[in-house]
Amino acid sequence: MITLRMMSTALLWNSQNELLMMKRSLTRSLSPGLWAAIGGHLEPSELNNPRAACLREVWEETGIEHDEIQGLRMQYVLLRLNGQEVRQQFFYIGTTDVNPRIVTPEGDLHWIPKEQVLERPIPFIFRCLLEHYFSVGLTEHPWVGSAGIQLDTGEPTIHWNPLVDPLQT
């Protein structure tokens, strides 16, 4: 039976063009030791509000309050199959110059200059998203990505499409 896991993630930038990243603890079951963004799973009360989940996760993992983040908006929805689990992840992008106030057992938080972000060991899915974002930048519409393979080569990839209402264009 295929199940669904929903997650929400924040890509927080500061005015020095640095991304707040977490070097995940080696004890974590998901991507131990890799670099990732701030985020986590939606609680049952957040199923219709992934932005609320994103803000909660930011607060839980950094101590940064919602009113200390500017321009937070959904920019990506990513779908992937992981075994018998469909993972749907919402990615929000915003800015803050507030430094993390807490230490979390989930990993160590660091501001990473944009030009160094892709030099870190990053999960494949997150790397593809960052490469797309660095290529197209912040757009008026979100993007939806579905993880899969390139039919001609069999290589893993993410297929990107703008998330727009086809009847409103």
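In this predicted model, the largest pocket has a volume of about 630 Å³. Its lining consists of 26 residues, and those nearest its centre are Met7, Arg24, Leu30, Ser31 and Gln89. Two or more lining residues come from each of strand E1 (3-13), strand E2 (18-24), strand E4 (38-41), helix H1 (50-62), strand E5 (70-82), strand E6 (85-95) and helix H3 (124-136). The biggest contribution to the lining is that of E4, with four residues. By residue class, the lining of the largest pocket holds eleven nonpolar, seven polar and eight charged residues.

**Nonpolar cores**

The largest nonpolar core has 22 residues, and the members that touch the most others are Leu11, Met21 and Phe126. At least two residues of this core are supplied by each of E1, E2, E5, E6, H3 and strand E9 (156-162). H3 provides the largest share, six residues. In soluble globular proteins, nonpolar side chains tend to be buried together.

Phe126 is in contact with Leu11, Met21, Trp35, Ala36, Ala37 and Phe91, when neighbours within four places in sequence are left aside. Leu11 and Met21 are thus on the contact list of Phe126. A second core, separate from the one just described, has 20 residues, among them Leu12, Leu42, Val58 and Ile64.

**Helices H1 and H3**

The 13 residues of H3 should span 18 Å at 1.5 Å a residue, and the 19 Å between its end C-alpha atoms agrees with this. H1 also has 13 residues and an expected span of 18 Å, and its end C-alpha atoms are 18 Å apart, which agrees.

In H3 the buried residues are Ile125, Phe126, Cys128, Leu129, Leu130, His132 and Tyr133. In H1 they are Pro50, Ala53, Cys54, Leu55, Arg56, Glu57, Val58, Glu61 and Thr62. The buried set of H1 includes charged residues, namely Arg56, Glu57 and Glu61. The cover over the buried residues of H1 includes E1, E2, E4, E5, E6 and strand E7 (107-113). An α-helix has 3.6 residues a turn, so residues three or four places apart point the same way.

Each helix is followed by a glycine with positive phi: Gly63 just after H1, at about 80 degrees, and Gly137 after H3, near 75 degrees. Asn17 also has a positive phi, near 60 degrees, although Asn17 is not a glycine. Most residues other than glycine have a negative phi, and most peptide bonds are trans. Asn17 sits in the loop between E1 and E2, and its relative accessibility of 40% makes it partly exposed.

**Selected residues**

The table gives the relative accessibility of four residues, with the resulting class.

| Residue | Relative accessibility | Class |
|---|---|---|
| Thr9 | 5% | buried |
| Tyr133 | 12% | buried |
| Leu79 | 33% | partly exposed |
| Gly71 | 58% | exposed |

The contacts below leave out residues up to four places away in sequence.

Thr9 belongs to strand E1. Its contacts are Ala37, Ile38, Gly39, Cys54, Gln89, Phe90, Phe91 and Tyr92. Thr9 is classed as buried because its relative accessibility, 5%, is under 20%.

Tyr133 is part of helix H3, and it touches Trp13, Tyr76, Ile93 and Leu138. Glu65 is 68 residues away from Tyr133 along the chain, and the two C-alpha atoms are separated by 25 Å.

Leu79 and Gly71 both lie in strand E5. Leu79 is in contact with Arg87, Gln88, Gly145, Ser146 and Ala147. The C-alpha atoms of Leu79 and Ile158 are 9.1 Å apart, with their positions 79 residues apart in sequence. Gly71 has contacts with Ile93 and Gly94. Between the C-alpha atoms of Gly71 and Ser15, which are 56 residues apart along the chain, the distance is 13 Å. Gly71 is classed as exposed because its relative accessibility of 58% is over 50%.

Conventions: Residues are numbered from 1 along each chain as its sequence is written. This is a predicted model: local features need pLDDT of at least 70, side-chain atom pairs count only at pLDDT 80 or more; totals for chains, interfaces and linings use all residues. Side-chain values use heavy atoms; hydrogens and water are left out. On a 1 Å grid over the protein atoms alone, a cavity is a set of points where a 1.4 Å probe fits but cannot get out, and a pocket is an open set with protein on both sides within 12 Å along at least five of seven lines; lining residues have an atom within 4 Å of a point. Grid points are joined across faces, edges and corners, and a volume is the space filled by probe spheres set on the points. A nonpolar core is a set of buried Ala, Val, Leu, Ile, Met, Phe, Trp, Tyr and Cys residues joined through side-chain atoms within 4.5 Å. Buried means under 20% relative accessible area, exposed over 50%, partly exposed in between (1.4 Å probe, protein chains only). Contact means heavy atoms within 4.5 Å. The expected span of a helix is 1.5 Å times one less than its number of residues.
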